[in-house]
Each structure stands twice: as structure tokens, then as C-alpha cells.
Amino acid sequence: DAWIPDDVVKRQIRAEAVDPGARITLGFDGSLNDDATVLIGCRVSDGFIFPVGIWAKPSGPEGNWWEVPRSDVLSTIREAFGRYDVVRMYADPHEWRSDIDALQEEFGERVSPWATSRDTAMGPALDRLRTDLMNGVAWHSGDPTVVEHFSNAYVRTRGIHRLVRKEHAKSDRKIDSVIGATLAYEARADVLTAETGPTDGT
């Protein structure tokens, strides 16, 4: 019940750098002290996915009492807006609501809360990314942590929706990069739709 085959993830690696000033979208999935916090970018021109920042709980004793360095995370987000032409950022507000509000005040409509708890929205967004990776039209940088998180993702079904989960609730094998990449990729799709209009004739 893997969410996506490992060979597809490895096949879709394209090791390259994203130039400063590139037009991108961002996906943000944050935590407090357990799950990883991720900021994932997606180049609008071709859907190329790459990590901007990943903050993960250290293993062993170093992980005791560890908390996500919120100031570092927020600094990295602001640096991304300065380094790239960020046209849209989708951010899961859970445990970061006040910070996302502050970013909205700073960057305006380019920052949007996007709750990943909404199965009716998350299911189609995950399906878009998975399908495009399977069909060879979405690519990623091959970052080891991102690849690991994709490998850790299992299928969770809720009604008609095909979602993702960890192997079990208390697993240390994280999947947060899948969520961040999904948000960034969905933001790109919405940007393209807004610029070109719907493709279904409506």
C-alpha cells in the first residue's frame, strides 16, 4: 500500500539548481517538535520540485526536548521570497496560525492558508502530484530527505479520497515532504489556471 512506487520517485530525479529570481510557488507544512517542518519549492515553468528548507527532529538523545526553530523557519521563508519570484505560497496553518497571519500581512495575497486536514481538497491535490510523477511530467531534485519521505508514505483512504499516512501513528519515519511538495505543486496548478483559465471548458 505504498503511496507511490520508489522506482517512480527515483526515475523522476533531475539534479539541477533553481536560479535566483526564478518564478516559483511554495508549500509549507509545519510542526512543533515531532514531525518534520518543510518548505518546498516548485518552479512554475515546468513543475520542478525542490526543498528550500527541512527541519527534522534529531535522532537519539539530541532529540529530547527538541523544538522546531521557528525563527530560523520564518527567516528561511522570508529569504525565499527575496531570492525567488514567489507568486504563491500554500501553508498548512496547523500550529503556525499566528505566523502565517503575519506572513500574509507582509506578503499579501501571495500567502494563503491551506489546511491539509480537508480530505476533499487534499485528495485531489495528492492525486495531481502522484499522477504527474507517474506520467513523467513532474520532476524533483532528488534531495535524500525528500526521497526518504516519499518512500515512507502509505495510502490512507477516506471515502473516495486517496490520502497518505505514515506506516503507523507513532512511526518515526516522516512523510512531511510529500505534504509540502503537494502544496507547492497545487499552488503552481492554481497559478497556471488563474493565468490561462480552466482547461475543462467551464
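The exercises below work through the fold, the cores and selected residues of one predicted protein model.

Residues are numbered from 1 along each chain as its sequence is written, and side-chain values use heavy atoms, with hydrogens and water left out. Because the model is predicted, local features need pLDDT of at least 70 and side-chain atom pairs count only at pLDDT 80 or more, while totals for chains, interfaces and linings use all residues.

**Exercise 1. Fold and overall form**

Task: State how many helices and strands the protein has, and give their order.

Solution:
- Step 1. Take the elements from DSSP runs: helices are H or I with at least four residues, strands are E with at least two, and both are numbered from the N terminus.
- Step 2. Count them. The protein has 6 helices and 8 strands.
- Step 3. Read them from the N terminus: α-β-β-β-α-β-α-β-α-β-α-β-β-α.
- Step 4. Check the compactness. The radius of gyration is 16 Å, close to the 17 Å from the globule rule for 202 residues, so the protein is as compact as a globular protein of that length. The radius is taken over C-alpha atoms, and the rule is 2.2 Å times the number of residues to the power 0.38.
- Step 5. Add the box. Along the principal axes, the C-alpha atoms fill roughly 55 × 40 × 35 Å.

**Exercise 2. Burial, surface and charge**

Task: Describe the burial, contact range, surface and charge of the protein.

Solution:
- Step 1. Set the classes: buried is under 20% relative accessible area, exposed is over 50%, and partly exposed is in between (1.4 Å probe, protein chains only).
- Step 2. Apply them. Of the 202 residues, 48% count as buried.
- Step 3. Look at contacts (heavy atoms within 4.5 Å). Among those with a separation of 6 or more, 67% join residues 24 or more positions apart.
- Step 4. Take the surface. About 10000 Å² is exposed, and carbon and sulfur atoms supply 48% of it. These areas come from the Shrake-Rupley method with a 1.4 Å probe.
- Step 5. Count charges, with Lys and Arg positive, Asp and Glu negative, and His and the chain ends left out. There are 24 positive and 33 negative side chains, and the centres of the two sets lie 4 Å apart. Each charge is placed at NZ of Lys, CZ of Arg, CG of Asp or CD of Glu.

**Exercise 3. The nonpolar cores**

Task: Find which elements each supply at least two residues of the largest nonpolar core.

Solution:
- Step 1. Define a core: buried Ala, Val, Leu, Ile, Met, Phe, Trp, Tyr and Cys residues joined through side-chain atoms within 4.5 Å.
- Step 2. Size the largest core. It has 33 residues, and Trp-3, Leu-129, Phe-150 and Val-164 have the most contacts inside it.
- Step 3. Assign elements. α1 (6-11), β2 (37-43), α4 (119-134), α5 (144-152), β8 and α6 (176-196) each supply at least two of its residues. The largest share, 7 residues, comes from α6.
- Step 4. Note the separate core of 25 residues, among them Val-18, Leu-39, Ile-77 and Phe-107.
- Step 5. Zoom in on Val-164. Beyond four places in sequence, its contacts include Trp-3, Leu-126, Ile-175 and Val-178.

**Exercise 4. Two helix residues**

Task: Decide whether Thr-76 and Glu-186 are buried or exposed.

Solution:
- Step 1. Place Thr-76 in helix α2 (residues 70-83). Its relative accessibility is 16%, so Thr-76 counts as buried.
- Step 2. List its contacts. Outside four places in sequence, Thr-76 touches Leu-39, Val-52 and Trp-55.
- Step 3. Place Glu-186 in helix α6. Its relative accessible area is 10%, so Glu-186 is buried.
- Step 4. List its contacts. With the same sequence neighbours left out, Glu-186 touches Tyr-90, Trp-114, Ala-125 and Arg-128.

**Exercise 5. Loop and strand residues**

Task: Locate Asp-143, Arg-158, Ile-160 and Glu-95, and classify each one.

Solution:
- Step 1. Asp-143 sits in the loop between β6 (139-140) and α5. At 22% relative accessibility, Asp-143 is partly exposed. Beyond four places in sequence, Asp-143 contacts Pro-51 and Ile-54.
- Step 2. Arg-158 lies in strand β7. Its relative accessible area is 51%, so Arg-158 is exposed. The C-alpha atoms of Arg-158 and Asp-119 are 7.5 Å apart, across 39 residues of chain.
- Step 3. Ile-160 is in the loop between β7 (154-158) and β8 (161-165). At 80% relative accessible area, Ile-160 is exposed.
- Step 4. Glu-95 is in the loop between β4 (85-91) and α3 (97-107). At 32%, Glu-95 is partly exposed. Its phi is near 70 degrees, a positive value in a residue other than glycine.
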